[in-house]
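Here are my notes on this model. Please read them with the structure open.

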Amino acid sequence: MTDQWDDIADVLVAGSGAAGLTAAIAAADQGLDVVVAESTARWGGTTSISGGGLWMPANPLMLRDGVHDSAEEALRYMDEVIADAGPASSPERRKAYVQTAPEVVAFLGRKGVRWRRSPDYPDYYPDRPGGKVGRAIEAAPFNTKLLGDFYDSARSKESGIPLPLMTDDVWLLTRAWSTPSGFARGARFVFRSLGHLAGGKRPAGIGGALAASFMHVVRTQQTPVWLSAPVVDLIVEGDSVVGAIVQRNGSKRRVRARRGVVLAAGGFANNAEWREKHHGIPGYSSAPEGDLGTAIEAGMRAGGTVALMDDAWWGASLLGPDGKARFLVSERSFPFSIIVDANGERFTNESASYIDVGHAMLAHDVPGPMWMISDVRHARRYLNSALVGQVGKWRQAGLLFEAPTMEALAPKIGLDPARLGATVGRFNGFARSGVDEDFGRGRTVYDNYYGDPRVKPNPNLGALEKGPFRAVRVYPGDLGTKGGLLTDEQARVLREDGTVIPGLYAAGNTTASVMGRTYPGPGSTIGPAVVFGYRAARHAATR
């Protein structure tokens with residue numbers, strides 16, 4: 001039978017983001033022969049251009065720092081904020097997630113991943129039972145010279161930040177020139193960067209550091225990584241998946257996978273046809289170009305069922321002159337800014353979790369564009385990463401509008417000056433009192449995380465009073481899609497009747513998320529990707 005196969009391995013992993021690389025590391029650790037097949041010419045997936053955080057309750061770093069947490073508290077919190085989201089977030093999958101998180105953190109640490117904790121980053125609903133501050137972890141800045149020439153094909157080299165940036169730097173660096181704590185963190189970041197460069201290192205930070213750290217382990221294990229090698233179909237014998245067809249070097253190769261195939265090739269964020277079908281919009285995504293849903297489609301052809309296809313990791317985004325989406329996080333939360341609809345009225349808490357803001361944008365029934373409007377202090381005090389050094393280009397492209405008064409700005413963006421003026425006047429009253437009576441902006445520790453402590457009485461509320469005023473159009477963007485193949489607690493792909501497809505596993509955005517329709521905390525995408533990639537490999541090793 002071997003003459004029917006072009007290549008043979010124990011485990012074939014489709015995708016080279018956090019889910020795929022974790023699966024590859026865990027399978028190789030069990031002594032299995034592994035092949036990683038990446039569909040694009042660059043490895044690292046969405047992970048490598050992300051913030052790089054992982055939401056890992058009760059992880060060893062919390063224990064080390066004396067911060068109490070437990071699987072029971074994490075489960076209570078997940079039950080509170082996720083509620084009933086169907087089988088994708090079943091009790092079994094939630095339990096598997098919180099119980100495995102500490103184990104996989106420790107395992108990857110032993111393999112050489114240098115973890116760091118983000119002690120100040122809160123859960124996104126910290127006021128709910130079980131909510132905590134400091135469950136997120138990340139990889140320390142990584143010296144990419146350790147990967148040699150292979151780093152030339154890293155996605156983070158093309159699209160990432162070549163500096164030792166860390167997740168817990170970002171919230172302070174965005175106000176580095178307006179608050180003492182921001183300035184201090186900025187100085188620390190500068191000295192850290194100079195230290196890396198003086199030491200002859202080639203640093204990567206945040207998501208690039210995480211992907212590179214994982215890839216370094218994969219390379220140390222001598223696992224082959226095929227680039228420009230998409231999995232185009234699965235090979236089924238009887239009721240089991242026994243291999244896959246991989247497009248490589250201009251030909252289709254039949255790859256035998258004796259223990260299993262792990263689909264970890266992302267979602268369908270850049271599949272315009274599926275986006276229109278499932279979301280009703282063309283999609284304004286920050287995910288890489290390879291996020292086309294091919295792995296999901298292959299799993300469906302093999303008998304797998306799907307869930308949560310109508311959802312995504314939503315968030316307000318800008319579209320730049322190049323047509324690419326820029327995800328907004330701190331920018332919409334800082335004071336001296338609001339988001340309004342085509343009637344010039346607010347409709348949500350701008351400082352809420354990005355997925356909640358995205359859901360609010362999609363659910364809002366006022367047709368027409370939405371705008372983030374700010375006064376001059378927002379531009380002068382805080383960093384808007386999308387606009388750094390690009391304001392002139394955005395203005396020339398008709399994507400950014402400015403005016404000396406709010407009355408003059410309104411007609412430039414198609415709004416009625418009187419209605420916009422009323423909205424701003426009401427918001428300014430909230431800023432002075434410190435209480436947003438309409439949407440509760442600035443009420444929680446999470447809201448305040450991206451606030452300005454110098455602004456009193458509410459760090460997220462600042463009156464829009466000083467011109468020139470600025471407006472940029474806001475879109476319902478995303479970090480990737482939430483829907484995909486339905487899997488069980490072992491990351492095995494399920495059929496519609498709930499039975500398992502032997503030999504087929506999936507993790508990451510290729511699957512319907514264990515987080516349901518919400519986003520419990522920082523790293524709620526990568527955390528489950530790592531956990532279920534690990535569980536997939538461990539289970540495959542037992543077959």
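1. Strand 13 and strand 14 (residues 325–327) pair antiparallel, over 3 bridges. Leu318 stands opposite Arg326 of strand 14. The hairpin has 5 residues between its strands, and one of the residues to check is Gly323, with a positive phi near 80°. Keep in mind throughout that this is a predicted model.

2. Strand 13 also pairs with strand 18 (residues 469–481). The two run antiparallel and are joined by 5 bridges. Here Gly315 faces Gly477 of strand 18.

3. Is strand 13 enclosed or open? Strand 13 covers residues 312–319, and 8 of its 8 residues are buried, so the rest of the structure largely encloses it. Buried here means under 20% relative accessible area.

4. Next, the nonpolar cores. The largest has 91 residues. Trp43, Met56, Tyr97, Leu108, Trp115, Phe214 and Val530 have the most contacts inside it. Another core, of 28 residues, lies apart from the largest one; Phe268, Ile501, Leu504 and Ala506 are among its members.

5. How many aromatic pairs are there? The count comes to 21. One of them is Trp55 with Tyr77: the pair is tilted, with 6.0 Å centre to centre and 45° between the planes. Trp55 belongs to strand 3 (residues 54–55) and Tyr77 to helix 3 (residues 71–82), so this pair ties together parts 22 residues apart in sequence. Trp55 is buried, at 0% relative accessible area. Tyr77 is buried too, with a relative accessibility of 0%.

6. Phe107 and Tyr534 form a ring pair as well. Their centres are 5.3 Å apart and their planes stand at 50°, so the pair counts as tilted. This pair links distant parts of the chain: Phe107 sits in helix 4 (residues 91–110) and Tyr534 in helix 17 (residues 526–540), 427 residues apart. Both Phe107 and Tyr534 are buried.

7. Ring pairs also build a cluster. Its members are Tyr121, Tyr124, Trp313, Phe327, Tyr354, Tyr446, Tyr449, Tyr450 and Tyr519. Strand 13, residues 312–319, contributes Trp313. Strand 14, residues 325–327, contributes Phe327.

8. Finally, charges over rings. Which residue lies over the face of Trp313? Lys482 does, at 3.6 Å from the ring centre. Trp313 is thus worth viewing twice, as it is also linked into the ring cluster. Arg93 is another case: its charged end sits over the ring of Phe532, 4.4 Å from the centre.

Conventions
Residues numbered from 1 in each chain as written. Predicted model: local features only at pLDDT ≥ 70, side-chain atom pairs only at ≥ 80, totals over all residues. Heavy atoms only, no water. Buried < 20%, exposed > 50% of the residue type's maximum accessible area, 1.4 Å probe, protein only. Helix = DSSP H or I, 4+ residues; strand = E, 2+ residues; numbered from the N terminus. Pairing = 2+ DSSP bridges. Core = buried A, V, L, I, M, F, W, Y, C linked by side-chain atoms within 4.5 Å. Phe/Tyr/Trp six-rings, centres within 6.5 Å; stacked < 30°, edge-to-face > 60°. Lys NZ or Arg CZ within 6 Å of the ring centre and 35° of its normal.
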